[in-house]
Amino acid sequence: MSANQAAAVPSDGAPLRALQFLAIAWVVLNQFRFHLGLEAGAKSGLVAKGYIGAGLFLVVSGFLVFRRYDQLRRAGRFHYGSLLWRRLSFTYPLHLAILAGMIGSLALRGLGEPFHRASFHFSDLPANLLFVQAWGAVSTDSWNFPSWLVSAEWFAYLAFPFTAWAALKALRSPVLAVAASIALFILMFVGASRLGILFTDMTTQVGALQTIPAFLLGAGLWRLAAEHPLPSAGAAAIALAATAWIVCSALLRLSDLIIWPAFAPLVFGLANFGEPATGLSRWPPLRGLGRLSVAVLLVYLPVDIVYFRVAHLIFGARHGLDAWALLAGVFPAILLVAIAAYHLVQRPIWLWLIRRGSFQARAGAVTGR
């Protein structure tokens, strides 16, 4: 891969970061499928299939980290420790802050309610504090359970050297790397199904395993996009076709074996779409949304708990159109809290940590989220 080929892919990846936000939004939509007795998941396959958005988020994460790795490696400025430090400092402090808020809330309210006994097990707290809740360290979803996804992503960052070797050296062709990752996904999906487990919906059931084919696919797609760039028009057509396939397959509730591989053309198309000449990569909303994906993921459960309890106290039980309106209102509430969490907690702490971390001398070698 030449330097000119590597430069063909937009450097900031704004469309792909926006796709990460949409992937998390899809996950959040799925988590509200049973709320208010509306059975939104039963009414729409797109809602019911939202859990697979976690896989899309991981594929894009794999693409972005391998793109940056390849660029820095060629410039002689890559430092693995800096990569780990910057990623951990971006996700863990907000995760820890929300855990602390949940513990404080329990202390204020007492521990006697069935809701607390079912959702907050102190025996699961060490795994959550150690950020290994998606590694099979806990038996059930607990505490701020959406954080399983960033825990799984952290596992993928720790496994980065092996994935880099497999994607960039062992699998010499980018087409082979993409094909191998899809084949690996199919094998893992079928193997899990024989154990009665839906691989694409694994969370505390060692959900970190989802990152293995996802990050390998992301790496293969980076190589493919860099070595075989497309004009924006062709890339847009591929991305739109993949989007249509994913949406229609979800609406029809087709197997995840049909949906997950379509992430490849979607990411490949968006990777080539939005070159500086188009101006899309400089569009502020795209850049802003991409930065908020982790914050949205980590705040939506606390917002869910507070929003619906307050709404019940104010409005009582709602039905029909009123219930749908109440459900719709939770999503802008999540976005507003995520924006506040990002600007008041996540970003300031992240900047403070990377300036004072052990890898400060090379902190500029790896861009943040």
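## Phe315 and a nonpolar surface patch

Let's start with Phe315, which sits in helix H16, the stretch covering residues 284-315. This is a predicted model, so please read every value here as computed from that prediction. How exposed is Phe315? Its relative accessibility is 49%, and because the partly exposed class runs up to 50%, Phe315 counts as partly exposed.

Phe315 also has company on the surface. Together with Val306, Val310, Leu313 and Ile314, Phe315 forms a nonpolar patch. The accessible area of these residues adds up to about 540 Å².

## Aromatic rings

Now look for the ring-bearing side chains. How many aromatic pairs does the structure hold? The count is 19. One of them is made by Tyr307 and Phe308, whose ring centres are 5.0 Å apart. The planes of these two rings stand at 80°, and because an angle over 60 degrees counts as edge-to-face, that is the name this pair receives.

Tyr307 and Phe308 also belong to a wider group: with Phe32, Tyr300 and Phe331 they form one aromatic cluster. Within this cluster, Phe308 has a relative accessible area of 14%, so Phe308 is buried.

## Helix H12 and its salt bridge

Next, find helix H12, which runs over residues 211-227 and has 17 residues. From its first C-alpha to its last, H12 reaches 24 Å, close to the 24 Å expected at 1.5 Å a residue. Is H12 mostly covered or mostly open? H12 is mostly covered, with 15 of its 17 residues buried.

Inside this helix, the side chains of Glu227 and Arg223 meet in a salt bridge, at 3.9 Å from N to O. Both residues lie in H12, four residues apart, which is about one turn of the helix. Arg223 has a relative accessibility of 6% and therefore counts as buried. Glu227 comes to 21%, and because buried means under 20%, Glu227 counts as partly exposed.

## Salt bridges that link distant parts of the chain

In the whole structure, a search finds three salt bridges. Another one of them joins Lys49 and Asp256, whose side chains come to 2.8 Å, N to O. This pair links distant parts of the chain, with the two positions 207 residues apart in numbering. Lys49 is in the loop between helix H4 (45-48) and helix H5 (53-75), while Asp256 belongs to helix H14, residues 256-259. Lys49 counts as buried because its relative accessibility is 11%. Asp256, at 1%, counts as buried too.

Arg87 and Glu153 make a salt bridge as well, with their closest N and O atoms 2.5 Å apart. Which helices does this pair link? Arg87 is in helix H6 (residues 80-109) and Glu153 is in helix H9 (residues 148-158), 66 residues apart. The two side chains are also joined by a polar contact of 2.5 Å. Both Arg87 and Glu153 are buried; for Arg87, the relative accessible area is 4%.

## Positive phi angles in two loops

Backbone angles are worth a look too. Where is Val206? You can find Val206 in the loop between helix H11 (174-194) and H12. Its phi is near 55°, a positive value in a residue other than glycine. Val206 has a relative accessibility of 30%, so Val206 counts as partly exposed.

Arg253 shows a positive phi of about 55° as well, although Arg253 is not a glycine. Its place is the loop between helix H13 (232-251) and H14. At 40% relative accessibility, Arg253 counts as partly exposed.

## Gly41 in a short stretch of helix numbering

Finally, visit Gly41, which is in helix H3, residues 40-43. Is Gly41 buried or exposed? Its relative accessible area is 5%, so Gly41 is buried. Eleven residues away along the chain is Asn30, and the C-alpha atoms of Gly41 and Asn30 are separated by 7.1 Å.

Definitions and conventions:
Residues are numbered from 1 along each chain as its sequence is written. This is a predicted model: local features need pLDDT of at least 70, side-chain atom pairs count only at pLDDT 80 or more; totals for chains, interfaces and linings use all residues. Side-chain values use heavy atoms; hydrogens and water are left out. The expected span of a helix is 1.5 Å times one less than its number of residues. Buried means under 20% relative accessible area, exposed over 50%, partly exposed in between (1.4 Å probe, protein chains only). Patches are made of residues with over 30% relative accessible area and no salt bridge: like charges are joined within 9 Å, nonpolar side chains (Val, Leu, Ile, Met, Phe, Trp, Tyr) within 5 Å. Accessible areas come from the Shrake-Rupley method with a 1.4 Å probe; for residues, only the protein chains shown count as cover. A salt bridge is a side-chain nitrogen of Lys or Arg within 4 Å of a carboxyl oxygen of Asp or Glu. Rings of Phe, Tyr and Trp (its six-membered ring) pair if their centres lie within 6.5 Å; planes under 30 degrees apart count as stacked, over 60 as edge-to-face and the rest as tilted. A polar contact is a pair of N or O atoms within 3.5 Å; within protein, one must be able to donate a hydrogen and the other to accept it, and residues adjacent in sequence count only if both atoms are side-chain atoms.
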